[in-house]
Structures are given as structure tokens and as C-alpha cells.
Amino acid sequence: MSVITEPKTVIGKAANYVDERLTIGSVLKNFGRKVFPDHWSFMLGEVAMYSFVILIISGTFLTFYFQPSMAEVHYEGSYAPLKGMEMSIAYASSLDISFDIRGGLLMRQVHHWAALLFVAAAGLHMLRVFFTGAFRKPRELNWVVGFLLFLMGMAAGFTGYSLPDDLLSGNGLRIIDGMIKGIPLIGPAVSSGFFGGEFPGTEVVARLYSLHIMIIPALIIALLGIHLLMVVVHKHTHYPGPGRRDDNVVGYPLMPVYVAKAGGFFFLVFGVIAAIAATFTINPIWNYGPYDPSPVSAGTQPDWYIGWLDGALRLAPSNLDLVIAGFVIPMGVMLPIIVSLVFLVLVGAYPFIEAWVTGDRREHHVLDRPRNAPTRTAIGAAGVTFYAVLWAGASTDLIAVNFQMSLNHVLTAMQILLILGPVVAYWVTKRACLSLQRKDREIALHGRETGRVIRLPHGEYIEVHEPVDKYELWKLVDFKDYEPIMPRPNKKGKITVGTKLRSAISKIYFEDRIAPVSKAEYELAHADHGHAAVEEKPKRKPKQLKKNL
Amino acid sequence: MNDKPMRRKPWALGIVIFLGLVLSGSGYAAATSTYQAEFGSPEQIAEGKKLFLANCASCHGTNGEGAIGGPSLIGVGAASVDFQVGTGRMPGQASGPQLYKKPVQFTEEQISAMAAWVASLAPGPAIPAEEYLRADGDATHGGELFRINCAMCHNAVGAGGALTEGKFAPGLEGVTEKHIYEAMVTGPQNMPVFNDANLTPEDKKDIITFLKYVEENDSVGGLELGSIGPVAEGLFTWIFGLGFIIAITVWLGAKAN
Amino acid sequence: MSDLEKYSSGSATSIERPIKDPGLEPHRVRMTDKSEKHARTAEKQVAGLFVISIIGAIIAVWGFFAFPIIDGDLSATRNNALWMGIGMALSMLGIGFGAVHWAKTLMPDNEVAEARHAARSDDDTRAKAIEIVKLADGESGFSRRKLIRRTLYGALAFFPIPAVVIFGDLGPVVGDTLKHTMWRSGTRLTKDPTGIPIKASEVTIGSVFHVIPEGLKDLEEHKLEEKAKAAVLLVRVNPGELKEDPEKAGWSYDGIVAYSKICTHVGCPVALYEQHTHHLLCPCHQSTFDLADHCKVIFGPAARPLPQLPITVDDEGYLVAQSDFLEPVGPSFWDMRK
């Protein structure tokens with residue numbers, strides 16, 4: 001056994017101290033040069049995570065001054081049009097943060113803008129994951145974790161939105177109360193439990209505060225930890241391209257490039273939020289006044305991420321109460337709740353549905369270009385349209401006023417769009433994807449159109465096509481392709497309902513498909529009928545290609 | 001000129017205005033009013049009648065009794081004329097669910113003359129006294145009254161809002177103290193009437209004080225995005241906030257030269 | 001093939017590609033790699049951005065002290081938030097842009113590939129894992145000792161129950177509070193928020209009064225809870241325009257009608273009254289009620305008419321309630337009719 005040599009430098013000694021206690025050397029050895037693929041769309045999740053860190057920092061500042069009490073006081077702060085007004089301590093302390101504490105207004109605005117950005121970035125990140133197929137095996141569970149994180153983001157947002165106890169958020173809570181009360185059997189009891197008695201009570205702000213600053217952030221941190229851990233275990237996906245395969249990962253090493261980029265990016269996100277918060281008002285609670293059950297302001301809307309649920313409430317048809325044996329089921333409330341829940345369940349379960357349809361058990365680490373999964377992309381577009389119509393439905397009144405239309409016509413149009421929009425979006429998107437795939441095929445087989453028209457010796461006019469290089473070609477031809485499955489009998493010789501269903505859905509998915517260019521097709525295109533492209537530049541590119549074959 | 005596009009149902013306008021002015025006028029006549037219409041001088045009234053015959057009688061009748069396309073003006077008071085003509089809503093041009101604000105067509109004297117003539121037909125709300133138009137009342141009380149009585153249509157800080165079937169409550173920024181007051185006492189178009197028993201002249205003054213405070217003080221938080229609430233904030237987040245950050249990510253992911 | 005290819009590919013096709021994977025594209029050399037001059041420029045740029053960051057931090061601190069809060073002066077608050085915000089934004093954007101520019105221009109930008117392995121443990125590892133589980137099972141007797149196992153399941157099922165029950169006092173048991181409001185026979189209708197009683201003669205045609213019951217203003221407790229149920233909208237219309245059910249004919253007074261202001265959809269205040277159409281519009285979800293026709297729902301997601309408060313006048317000419325509402329106000333709930 002040799003004696004361990006002690007380092008001499010300060011840094012060396014410090015590193016030695018930490019390593020002898022925490023094995024940091026081995027951590028750095030294993031992770032220091034870990035490879036991360038680089039693409040702008042891979043940073044959306046990071047935006048959400050950084051926004052969350054900013055939320056924690058600014059939120060901590062706010063907790064030092066905010067008092068979650070609904071006891072009544074008379075306002076004596078700086079804002080003249082509320083002086084002497086009776087209001088809850090929660091509202092008064094929110095006003096004090098805004099007007100009487102230096103940096104308070106800035107932090108409130110940083111917090112609120114960061115919250116809106118947090119959910120928006122998480123949503124966009126989900127869309128990126130969906131449209132590139134990043135949720136496929138082995139990442140299905142991480143999709144579910146991410147989905148839960150999105151829900152938690154909504155919950156964090158809503159509980160925070162309600163804390164200042166202003167007129168706008170109070171009416172938001174009143175709507176929540178109305179929805180809860182509408183749930184059969186348990187509604188009124190749950191409402192009583194939530195508000196500590198009748199609405200609005202004196203408890204709800206303190207309870208929402210506990211949820212907002214303890215349970216929900218704790219859950220978000222836990223889920224975020226799992227989310228990131230899974231990213232490390234799976235290694236990040238990469239976009240298709242030359243050299244990128246399911247059994248490797250191509251990108252830049254964590255240290256130093258990624259650390260500098262990702263670390264710098266945190267400051268960039270914070271900087272952008274600070275710049276917005278310095279210059280744009282958000283949630284001017286002083287305009288709304290303290291909560292009072294009698295008044296309401298025109299344009300009463302929730303923050304954007306709850307908008308789609310509010311829109312669902314608005315778009316429900318009139319006079320839908322069901323009365324069964326004297327018991328009332330308010331379908332005007334229950335229908336939107338049920339529709340929203342079904343939508344959410346479908347979003348959360350999508351990876352499992354697609355895996356069941358394709359039967360593909362392989363691990364997928366190379367992403368799909370959206371066009372190369374036309375049906376998935378079309379389903380996504382339909383879902384986005386459905387969500388967008390509900391979302392827009394929450395601003396029917398503003399749309400009517402700003403575009404000088406009838407409120408009633410706008411609402412009716414939204415109801416029709418909610419049904420028709422997704423169907424049209426599905427069809428258009430699927431056709432667009434198939435067309436793009438066809439174009440890719442053309443380019444792979446015959447090269448790019450150059451726009452140069454030449455006359456051949458025998459008088460024929462042709463446009464010159466320039467073959468793409470091997471890297472481009474690989475990108476165009478290397479994608480996963482599926483066929484519809486036939487319903488096959490099981491061991492007992494029966495075709496089960498599940499099998500039939502699966503085969504039917506598989507037909508919807510893959511009946512219309514554009515297959516990737518095969519070797520035979522490619523050789524045919526280049527060998528015999530002497531296409532212009534091949535004739536025009538016969539010396540260089542095709543030779544290069546042949547070398548690769 | 002009216003710069004807003006045409007709206008549907010031209011006939012609806014006539015009915016709406018007719019009903020509006022008849023009801024608000026006759027309703028007001030029945031109420032006890034703190035202001036009795038002050039009649040102008042006989043010359044002014046005569047001048048007003050002349051202007052009326054030339055510009056208004058085709059819809060409102062030669063004696064203001066109302067006709068096809070225009071309601072009776074008997075008992076609507078000087079305040080109503082001053083508001084409708086003084087904000088350019090009258091003479092009406094576009095047909096639609098609601099009259100729009102337009103550039104004013106008459107001079108102050110001409111408006112006063114017409115108001116004096118209409119006021120001479122029957123008692124009605126008069127043009128408010130100067131003392132209630134100074135925005136030096138109690139803004140806190142005004143704010144509370146505004147939220148209870150007005151904010152549901154006009155928005156918490158008077159940014160405006162939607163009503164049914166294409167009607168809307170206009171934004172209140174830039175509206176003069178006098179016109180705000182007159183709108184409250186006369187209830188133009190579909191706006192309800194707020195007589196002096198409901199909101200006393202002092203109450204109205206407080207409301208005006210509140211509105212002027214909000215109008216004159218810029219938001220402490222910075223630019224306001226129209227004061228229309230979370231929808232504008234959400235759109236801003238998606239388009240500019242996320243848009244700007246995506247621009248940064250694209251720069252970040254692009255290879256340097 | 002690699003271990004990733006062992007799994008079933010389902011209905012995937014296997015079409016042979018025209019060419020083999022050509023591998024990573026060749027690395028493009030940057031200006032900063034080629035010339036030391038460019039590298040030096042980039043270095044200066046990065047340093048400049050970091051200096052901007054320092055200046056930003058100084059601006060933020062200056063903003064804090066330069067604009068103290070002055071009571072009643074909103075511009076002080078505005079400037080405080082503005083300059084601290086701009087300073088902080090600069091200080092962070094400086095670091096961010098600097099670090100990324102550094103990474104992009106001066107750190108190597110060669111893409112590298114790293115191998116991946118399937119998530120599945122190899123067979124050997126699995127066998128060992130199973131062995132451990134079996135060993136643990138054997139040592140503990142978990143499978144063998146049924147009594148222990150089953151009682152454990154039972155205990156695990158029962159132990160969370162107190163954790164649920166303990167929340168039983170979050171709110172009181174719902175009695176019939178949802179079905180009653182403060183309105184009683186003879187309660188005067190008063191103006192919100194002043195509490196001044198209203199005479200019938202004051203309610204002119206086209207007027208709308210926002211009403212609370214007499215005494216609500218002075219309640220010591222549960223003021224907002226009572227207001228949340230008892231808020232009423234009072235309107236006078238031309239009696240000829242009211243369509244009244246014979247059984248409710250006595251509920252209005254000379255064209256004056258009072259309706260609950262709480263939307264039967266989810267409870268927002270239905271406060272938008274159009275004096276000529278007699279429509280009441282809820283600003284939250286656009287439910288529209290026809291006030292002239294017992295507030296029936298004519299548009300939007302609500303399903304029940306707004307409950308009508310029967311009113312009359314007392315000896316002094318003030319408007320009073322004849323009774324409480326005869327049905328629950330606000331959003332529908334399952335046992336509201338019981």
C-alpha cells in the first residue's frame with residue numbers, strides 16, 4: 001500500500017477535502033463530460049425550470065411581507081383611492097408590498113410574470129416532446145411526470161392568483177366554489193371544507209397560502225427531481241441526422257460548453273423576466289379593489305393557464321340541469337368538468353395509446369420529424385386546436401368588444417369551432433405532413449430543383465435538379481415507418497374486441513403513409529431513365545454517393 | 001365622421017333609441033329631481049328650435065315628439081341633449097346596435113341652444129352645476145361606488161366591456177367630467193339611469209374624482225396593456241415573453257461563425 | 001446489432017436505406033479557431049458584457065436608494081421598481097449573454113458522440129436481483145407466514161383512515177344554510193354599500209339599484225357570507241312590459257322587481273343590466289337572463305332563472321321584502337330541492 005499524497009494548492013486541498021467526504025471526483029468523472037444534444041427546442045423545459053427557480057427566489061421575498069389573513073382592517077397605505085377602505089389584511093399587505101416596500105412591486109411583478117412564463121414554457125415543452133415523439137419508450141413515465149408537473153404548475157398558479165384577496169381573484173374563487181358545489185353528493189360538503197364554512201369565509205386565503213408555499217412547491221420540486229433524474233438515466237434524445245442513432249447520443253460535453261450555456265441561460269431568462277417586470281404592469285390589484293361579493297368587473301378572467309377551463313364553462317349550452325328523482329345535476333357545470341378531465345386523461349395517457357397501436361417495443365432515442373409521424377402530428381394539432389378554442393372561449397367578451405362583434409355570435413361561433421376546429425385541424429395537418437413527406441421523397445430521389453432550365457441537344461427543355469449531399473440524404477430517408485396491422489386471431493383462434501379495435505385504430509394511423517425511399521427505388525431513379533439531375537452533374541455527386549453505397 | 005364599421009340590423013337602432021329616450025325621459029319626469037331645468041333666454045330657445053328643425057326634426061319630429069327613426073325628446077332634459085350631441089353621438093349616422101362617439105358636429109353655443117329648447121318642452125335633468133364636476137371629492141368612496149354600480153359594464157378602471165348582441169359599455173378614459181355626470185343622470189342608450197336618490201350628486205362627484213385619479217396617474221407597475229386584465233397579460237407572455245426567450249434559445253443553439 | 005434492436009418492432013416496416021449512415025458531418029471551423037485576432041475580439045466582447053453586468057447591479061442599488069417611497073407620490077414607487085428592475089435585468093443579461101458568447105466562440109464546438117445502453121438490466125443482473133428478492137422473502141417469511149402478511153395488508157389499509165378523518169373539521173357540516181339568506185318578511189331593501197333604505201318612489205323607470213338587506217352593514221360576523229347570498233338587484237320597468245306568472249304577480253311592486261344578483265351558474269354577480277332590452281348579463285360566463293320574464297335564461301351556460309325576491313312597501317313608503325327567497329340562490333347543488 002502506498003501512502004496517499006496530499007495536494008499542495010488551496011484549490012487542490014479543498015477538492016481533496018470534499019472528495020474524501022463526498023466522492024465528488026467520481027461524480028465529476030462520470031458526469032463532467034456527459035454529452036448533451038444542442039437544439040433550441042431542447043431548452044424550453046429549461047426555461048420552465050429556471051422560471052420556477054425565479055419563482056422560489058421572488059416568492060421568498062414576498063412571504064416576508066405578505067400576511068395571509070382575512071381579518072378586516074382599514075387601509076392606511078400610500079394608494080389614495082383606497083385610503084380608509086375596509087379590506088382583508090391579505091389585500092392590505094399585498095398593497096403594502098406594491099406601494100410601501102422598496103422592491104416589493106418589482107418582486108411581485110417578477111413573481112407573477114415568472115409564473116405565467118413557467119406554465120407557458122412547460123406547455124410549449126410538452127408540445128415539443130409530443131410533436132417529436134420524445135415520449136416513446138423508454139420515456140413514457142417521464143411524460144407522465146412532466147404532465148403532473150404541468151398540472152402542479154396550474155395549481156401553483158391558481159392558488160397564488162387567489163392570495164391577494166382582490167376583487168378579481170375573489171370572483172375567481174367564487175367560480176371555483178360554484179363548480180365545487182355542483183358536484184353531485186359531495187359538492188356542498190367539499191365547498192364547506194374548502195372555505196371553512198360558507199363562501200367566502202375567513203379561512204380560504206390562509207389555506208391556499210399553505211398549499212401555495214408548502215405542499216405544491218414541495219411536490220413540484222420532488223417531481224422535477226424525478227423528471228431530471230430520468231433525463232440523466234435515459235440521456236437526452238436527439239434529432240434525426242447523420243451519425244445520430246438510437247444507440248448513441250451526439251452533442252456537447254457538459255463541462256465546459258453546456259455548463260456555460262445552460263448556466264448563462266438561467267441569467268438570460270431571469271434578465272428577460274426582470275426587464276418585463278420593470279416595464280410592464282401585471283395584475284394591478286389596486287385597480288380591482290378589495291373582494292366584496294356584490295361587485296364584479298367587466299373582463300373578469302383567470303390567468304391564461306386556467307383560461308381553457310373558464311372557456312369550457314362559458315361554452316356549455318344553456319338550461320342543461322338534469323333533475324333525477326328530485327336531485328339536481330347541474331350539467332352546465334359538470335359537462336365542462338367532465339370534458340376537461342377526459343381531455344387531460346387523454347393527454348396523460350397518449351404515450352401508452354400510441355405504443356399499444358404500433359406494438360413497437362424498441363427504445364427510441366432519435367426523435368421523429370413531425371412530418372414523419374403524420375397521424376400523431378395531426379392528433380396533436382387537433383388537441384392544440386381544441387385547447388386553443390377553449391382558451392379563446394375565455395375571452396369571448398374581449399374579442400366581441402375589440403373586434404366589434406356581437407358577444408352572442410362570438411360565443412356561438414366558439415361552440416361550433418370547438419367541434420369543427422379539431423376535425424379540420426386534423427385533416428389539414430395530416431395532408432400537410434403527407435405532402436411534406438412526398439416532397440422529401442422527391443428531393444431524395446431526384447435532388448433539389450435549382451430553377452435553372454436548360455435545353456437539351458434534341459430540343460427538350462428540362463429543369464436542372466441538383467442531388468443532395470449524403471448528410472442531407474440520410475436525414476431525408478432515415479425515419480421510422482409503420483404499417484396498419486391486421487386483426488389476427490389469438491391462441492384460442494378468436495379475434496378479440498381489443499384486437500379489432502387496435503387494428504382499426506392502427507388503420508387510422510398508418511393507412512395513409514409515405515414510405516421512406518428504399519435502396520432499390522433510389523438506385524432505379526439514378527441508374528436507368530437518366531434523369532436530368534444525374535446527367536447535369538454526372539462527375540461529382542453521384543460518384544460520391546456510389547462510394548457510400 | 002364615423003370611423004367604426006357598420007353593424008347589423010339597422011332597424012334595431014331606431015327602436016333602441018326610441019325606447020331609450022322615451023323611457024329615460026318619461027321615467028325621469030316622474031322622479032323628483034334636484035335640478036329643475038333652467039330655461040334659457042327666449043332668443044336662445046328660438047335659436048335652438050331653428051337648429052333642431054334643420055338638423056334633428058327629420059327623426060325626432062318637428063316638435064320633438066318623436067317620429068320614425070327617432071324617439072320623443074319631451075322630458076329628456078338639457079343633460080341628455082348636451083351628452084348626446086356634445087359627445088358626437090347625435091346626430092346619429094351609423095345604424096347598428098349602438099351609437100358611437102364621433103367628432104362633435106356643433107359649437108358649444110349651438111348645443112346649449114338646442115338643449116335649452118328641448119329643456120323648454122318639459123322638465124328633465126339639467127346640465128350639472130360646476131361644483132359637482134370638480135374632481136376633488138372622495139376617491140375612495142367614489143371607487144367603491146364605481147365598483148358596485150359601474151365596473152361590471154365599464155371595467156374596474158373604466159376600460160369598457162361587452163354587453164349582449166353587439167352592444168358595449170364604452171371606455172371612460174378621456175370622457176369629460178360633465179359627460180360622465182350627464183350619462184349617469186340620463187342613462188343613454190342601454191345604460192341604466194342613476195338618479196339622485198340612487199347616487200347623490202356628491203356620490204357622482206366622488207365617482208368622477210375616482211375616474212380622474214385613475215386617468216391622471218399612470219400605473220406604478222409600468223405600461224398597462226390596456227388595463228383589460230389577465231387575457232392581455234397571458235397573450236403578452238406567450239408572444240413577447242416566450243417569443244423573446246425563444247429568440248435567445250435559437251441564438252444559443254446556433255453555431256458561431 | 002446493439003441491445004436496443006432486440007425488442008419487437010411492432011408494425012414497423014424494415015426498408016433498406018439507399019445509403020449507409022454517413023456519420024457526423026465534418027466540423028466547421030470558426031473564425032475564432034482560425035485567427036487569434038478574432039479570438040481576442042471575442043474575449044473583449046465577453047469581458048465587456050460582464051462589465052455591463054456590474055454596471056447593471058450598481059444601477060439597481062442606486063435605484064433602491066435614489067427613490068425612497070413617499071406617501072401619496074406614485075411616481076416614487078414607479079421609479080423605484082423601474083430602475084431596480086432595469087438594473088437587475090442588465091446585471092443578469094450581462095452575465096447570461098457573456099457566458100453564452102464565451103461558450104459559443106471560445107470553447108470547443110466539436111460535437112461528440114457517446115454510447116447509450118438499453119434501460120433494461122442484463123439477464124445476469126436480473127437473475128441476481130430476483131435472487132435477492134427471493135432470499136429476502138425467505139428470510140422474512142413474507143410469502144410463508146400468511147397471517148402476518150394479511151394482517152399487515154389490513155393495517156396498511158386502515159392506518160391512512162385517521163389521516164383523512166382528521167380533516168373532518170375543515171368546515172362545518174352543511175345544514176340548510178345554503179337554502180336561506182338574511183331576507184325576512186319586512187326587511188328593508190337598502191343601498192349597497194351605504195345601507196340607506198330605498199323608497200319605491202325613488203326607483204324610477206330605467207334605474208337599477210344594487211341592494212343589500214337592512215342590517216347587513218352592521219353585522220359583526222359573517223358579513224361577506226351573508227352578502228354573498230343576499231345581494232339583490234332592484235329595477236323598475238314599465239309594468240306593461242313585465243310578463244308575470246299569476247302565482248308570482250304579487251311579488252313585484254308597481255313595476256319594481258327584485259332579483260338575486262348571484263348567478264345560478266357558478267355564482268358571479270349578474271350585475272349588467274340593459275335598461276331597454278331588460279337583459280341581465282353575467283360578465284363571467286355570459287349567461288343572460290330576461291328580467292321582464294322572471295329572469296329566465298335566454299343565453300349562456302346557466303340553467304335556472306335568477307330567484308325573485310318578493311317585495312312590497314311598508315307604511316313609510318320604503319321597499320321591504322315579503323319573505324326570504326323561496327328557493328336557494330346561487331349555483332345549483334344536488335340536494336337543493338330537498
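# Interfaces in a predicted three-chain model

Modeller: In this predicted model, chain C and chain A bury about 9800 Å² between them, and carbon and sulfur atoms give 63% of that area.

Colleague: Which residues of chain C lose the most area to chain A?

Modeller: The side of chain C that touches chain A draws on 104 residues, set against 134 residues from chain A. Within the side contributed by chain C, three residues together account for 10% of what is buried there. Those that lose the most area to chain A are Pro18(C), Arg116(C) and Trp334(C).

Colleague: How many salt bridges does the rule find across the interface of chain C and chain A, and how many residue pairs in polar contact?

Modeller: A salt bridge requires a side-chain nitrogen of Lys or Arg within 4 Å of a carboxyl oxygen of Asp or Glu, and the side chains of Asp292(A) and Lys227(C) meet in one, at 2.8 Å from N to O. Across the interface of chain C and chain A, the rule finds seven salt bridges. For polar contacts, counted where both residues are at pLDDT 80 or more, the number across this interface is 46 residue pairs.

Colleague: Which element of chain C gives the most to the side that touches chain A?

Modeller: Elements that each supply at least two residues to this side of chain C are helix 2 (36-66), helix 3 (74-105), strand 1 (112-115), helix 7 (223-230) and strand 9 (296-299). By class, the side of chain C that touches chain A has 59 nonpolar, 22 polar and 23 charged residues. The element that gives the most, with 20 residues, is helix 3 of chain C.

Colleague: Which residue of strand 1 of chain C stands opposite Val249(A)?

Modeller: Strand 4 of chain A, residues 248-253, is joined to strand 1 of chain C by four bridges, and the two strands run antiparallel. Strands of a sheet pair through backbone hydrogen bonds, either parallel or antiparallel. Opposite Val249(A), in strand 1 of chain C, stands Glu114(C).

Colleague: What area do chain B and chain C bury between them?

Modeller: The contact takes 41 residues from chain B and 40 residues from chain C. Carbon and sulfur atoms carry 61% of the area buried between these two chains. The area that chain B and chain C bury between them is about 3500 Å².

Colleague: Which residue of chain C forms a salt bridge with Lys167(B)?

Modeller: Across the interface of chain B and chain C the rule finds one salt bridge, alongside 20 residue pairs in polar contact with both residues at pLDDT 80 or more. For Lys167(B), the closest N and O atoms are 3.2 Å apart, and the residue that completes the salt bridge is Glu274(C).

Colleague: From which helix of chain B comes the largest share of the side that touches chain C?

Modeller: Helix 1 (10-30), helix 6 (139-149), helix 7 (151-154) and helix 10 (230-253) of chain B each supply at least two residues to this side. The residues of the side divide into 22 nonpolar, 16 polar and three charged. Its largest share, six residues, comes from helix 1 of chain B.

Colleague: Which residue forms a salt bridge with Asp82(B)?

Modeller: The domain assignment of chain B gives domain 1 (1-127), domain 2 (131-217) and domain 3 (222-257). Between domain 1 and domain 2 of chain B, where about 1900 Å² is buried and 54% of it lies on carbon and sulfur atoms, the count is one salt bridge. With its closest N and O atoms 3.1 Å apart, the salt bridge of Asp82(B) is made with Lys178(B).

Colleague: Which element gives the most to the side of domain 1 of chain B that touches domain 2 of chain B?

Modeller: In this contact, 23 residues of domain 1 of chain B meet 21 residues of domain 2 of chain B, and four residue pairs are in polar contact with both residues at pLDDT 80 or more. The elements that give two or more residues to the domain 1 side are helix 1 and helix 4 (77-86) of chain B. With six residues, the one that gives the most is helix 4 of chain B.

Colleague: In strand 5 of chain C, what is the bridge partner of Leu234(C)?

Modeller: Five strands of chain C form an open sheet in the order 2-3-4-5-10 with antiparallel pairing, and its edge strands are strand 2 (189-191) and strand 10 (308-309). Strand 4 (residues 232-236) is joined to strand 5 (residues 256-260) of chain C by five bridges. In strand 5, the bridge partner of Leu234(C) is Ala258(C).

Key:
Residues are numbered from 1 along each chain as its sequence is written. Chains are lettered from A and ligands numbered from 1 in the order in which they are written. This is a predicted model: local features need pLDDT of at least 70, side-chain atom pairs count only at pLDDT 80 or more; totals for chains, interfaces and linings use all residues. Side-chain values use heavy atoms; hydrogens and water are left out. Contact means heavy atoms within 4.5 Å. Buried area is the accessible area (1.4 Å probe) that two parts lose on being put together, summed over both. A polar contact is a pair of N or O atoms within 3.5 Å; within protein, one must be able to donate a hydrogen and the other to accept it, and residues adjacent in sequence count only if both atoms are side-chain atoms. Ala, Val, Leu, Ile, Met, Phe, Trp, Tyr, Cys and Pro count as nonpolar, Asp, Glu, Lys and Arg as charged, and the others, Gly among them, as polar. Two strands pair if DSSP finds at least two bridges between them. Domain bounds come from an automatic or database domain assignment.
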